[in-house]
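Biologist: I should like to learn how the cysteine links of a model are read. Please take me through them in order.

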Amino acid sequence: MQTVWQRVACLAVAAIASILMPACGGGGESGGSDSAVAPLSCDDSMKTAFKPDAQTTVALVKAFKKGDQILLSGTATATTPSAANDICLVKLLIGPGHAGPAGAPSTTPGIGVELWLPTTANWNKRLHVLGGAGMAGGPQATLTSVANAPTAAPWVVAGVEGAVAATTDTGHPAGNSSFLMKPDGTINTVGWSEFSERGIHEMTVKAKALAQAYYGTAARYTYWHGGSTGGRQGLKQAQLYPDDFNGIIASAPAINWTKFTATQLWAQIVIQRELGGVPFTTGQWNNVSMAAISACDVVGGMHLGYLLDPSTCTYDPTTDAAVLCTASGGTNATANCLTSAQAHAANKIWYGPTTDGSTPSPSIDNGLRTTLSPKQIWFGCARGGSIGATSVAHRRDSVRHGRAVPAGPNDRRIDLPQRQGQWGQWLEEPELRATRRCHRPGLRHGGRVVRPHQHRQPGPQQIP
């Protein structure tokens with residue numbers, strides 16, 4: 001079923017060439033010359049007719065008629081989407097992949113790409129390339145299921161918008177980080193490269209080639225639309241391959257991975273170091289979080305129930321008698337009270353990691369300034385915010401499939417600055433951070449890079 005956001009996404013990309021922020025510079029024409037070769041057909045003949053290079057093979061071609069349910073196997077349900085118009089699905093596999101033991105997440109045949117093509121009559125001469133989320137991954141390389149995208153359903157892009165849609169698994173099917181390490185404990189550099197930038201670039205190049213071969217004429221415009229990881233992917237393409245796109249929407253881009261991903265472990269590290277590995281109960285954390293919100297949400301004499309500006313909140317649970325247990329000098333005799341050690345730990349979690357483990361009084365520095373404080377590695381959570389554990393899963397996935405992972409969140413000896421340096425090396429820092437300034441002329445047609453940021457994105461204070 002098409003969501004409101006997906007319908008809005010189609011309209012947003014249709015207007016991107018005329019709005020907002022300039023990219024790194026100007027550019028030239030987007031389209032190529034018309035093809036002299038007969039256009040391809042949406043059938044198995046494409047498997048031999050489309051050969052853009054030696055590493056690319058057509059794995060599947062399937063035509064969907066208007067009203068057909070979007071399904072490659074299994075039984076349709078009430079929520080199975082249907083084609084709004086006649087469209088063609090093409091699955092590509094782009095090598096060389098990564099050899100290794102069967103069943104290892106790092107072993108893959110290559111980059112999976114799905115392309116959805118409208119009919120020649122319905123094509124608007126545009127490519128609408130869609131980004132991934134989290135660690136990307138997906139069923140693009142399988143023959144039994146289709147891949148959706150966070151920003152828009154690709155079959156809706158093709159069937160309603162009239163653009164060629166493209167998605168990729170960036171070289172691995174799993175939606176977690178298990179592919180990062182090889183079974184022998186070494187780094188899967190091929191997988192990192194495909195995830196960080198090569199998968200997106202190859203998808204875009206092949207999408208342009210297939211569009212020209214299928215329609216007999218080149219696309220006039222190519223647009224990128226992604227959020228979070230998809231936002232980082234868009235910025236990275238603008239930095240490395242500005243000729244690929246005429247416009248980029250990079251929503252809430254997950255940049256600075258080497259810092260914010262490491263920082264997402266901070267709550268777990270504090271709990272291990274400061275509280276002996278005994279976590280807050282749900283009631284305790286809710287208690288201190290609500291106290292922080294109540295102390296900082298007053299506007300015009302009324303409580304809003306949320307923080308209008310977290311950077312101004314200086315709530316300190318170590319001085320709040322209503323939160324502290326009676327044994328710690330407070331007045332709270334319930335099971336949800338905090339000990340002095342827990343109150344200090346809450347301050348540490350909210351402030352974020354520092355090079356020496358110290359945390360200043362929130363009245364002096366609450367950790368959410370516009371720039372990092374001298375000892376601050378990265379920003380913590382807003383006071384009143386929840387304890388994130390996203391990176392615990394990333395690390396656990398890597399530990400399962402490689403022995404070279406350094407001490408994890410349950411190791412009280414963990415040294416975050418040291419680990420951050422190791423992770424920076426692992427994450428190929430220049431590529432996954434996506435923070436370099438552009439050194440190329442810019443997007444085609446003097447295109448634009450749009451960077452909206454929704455505050456519903458998990459951890460917005462960690463992904464600036």
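Modeller: Let us begin with one pair in this predicted model. Cys325 and Cys337 form a disulfide, with 1.9 Å between their sulfur atoms.

Biologist: What is the handedness of the disulfide of Cys325 and Cys337?

Modeller: Handedness is read from the torsion about the S-S bond. For Cys325 and Cys337 this torsion is about 90°, so the disulfide is right-handed. Both cysteines lie in the loop between E9 and H9, so the pair ties together parts that are twelve residues apart in sequence.

Biologist: Are Cys325 and Cys337 buried or exposed?

Modeller: Cys325 is buried, and Cys337 is buried as well.

Biologist: How many disulfides does the structure hold?

Modeller: The structure holds three disulfides. Another of them is formed by Cys296 and Cys313, whose sulfur atoms are 2.0 Å apart. This pair links distant parts of the chain, 17 residues apart: Cys296 belongs to helix H8 (residues 282–296), while Cys313 is in the loop between E9 and H9. The torsion about their S-S bond is about 65°, so this disulfide is right-handed.

Biologist: How is each partner, Cys296 and Cys313, classed by accessibility?

Modeller: The class follows from relative accessible area: buried means under 20%, exposed means over 50%, and partly exposed is in between. Cys296 has 23% relative accessibility and therefore counts as partly exposed. Cys313 has a relative accessible area of 1%, so Cys313 is buried.

Biologist: Where in the chain are Cys42 and Cys88?

Modeller: A disulfide joins Cys42 to Cys88, with an S to S distance of 2.1 Å. Cys42 is in the loop between helix H1 (4–14) and helix H2 (46–49), whereas Cys88 is in strand E2 (residues 87–94); the pair links distant parts of the chain, 46 residues apart. The link is right-handed, with 95° about the S-S bond. Cys88 is buried because its relative accessible area is 1%.

Biologist: May the accessibility classes be applied beyond these pairs?

Modeller: They may, and Cys381 is one case: its relative accessible area is 10%, so Cys381 is buried. Tyr306 gives another case: at 46% relative accessibility, Tyr306 counts as partly exposed.

Biologist: Which residues make the nonpolar surface patch of about 370 Å²?

Modeller: Val299, Leu304, Tyr306 and Leu308 make this patch. Tyr306 is placed in the loop between strand E9 (302–303) and helix H9 (340–351). Cys313 is likewise in the loop between E9 and H9, and so are Cys325 and Cys337.

Notes: Residues numbered from 1 in each chain as written. Predicted model: local features only at pLDDT ≥ 70, side-chain atom pairs only at ≥ 80, totals over all residues. Heavy atoms only, no water. Patch = residues over 30% accessible without salt bridge, like charges linked within 9 Å, V, L, I, M, F, W, Y side chains within 5 Å. Areas by Shrake-Rupley, 256 points an atom, 1.4 Å probe, with all protein chains shown as cover. Salt bridge = Lys/Arg side-chain N within 4 Å of Asp/Glu carboxyl O. Helix = DSSP H or I, 4+ residues; strand = E, 2+ residues; numbered from the N terminus. Buried < 20%, exposed > 50% of the residue type's maximum accessible area, 1.4 Å probe, protein only. Disulfide = S-S within 2.5 Å.
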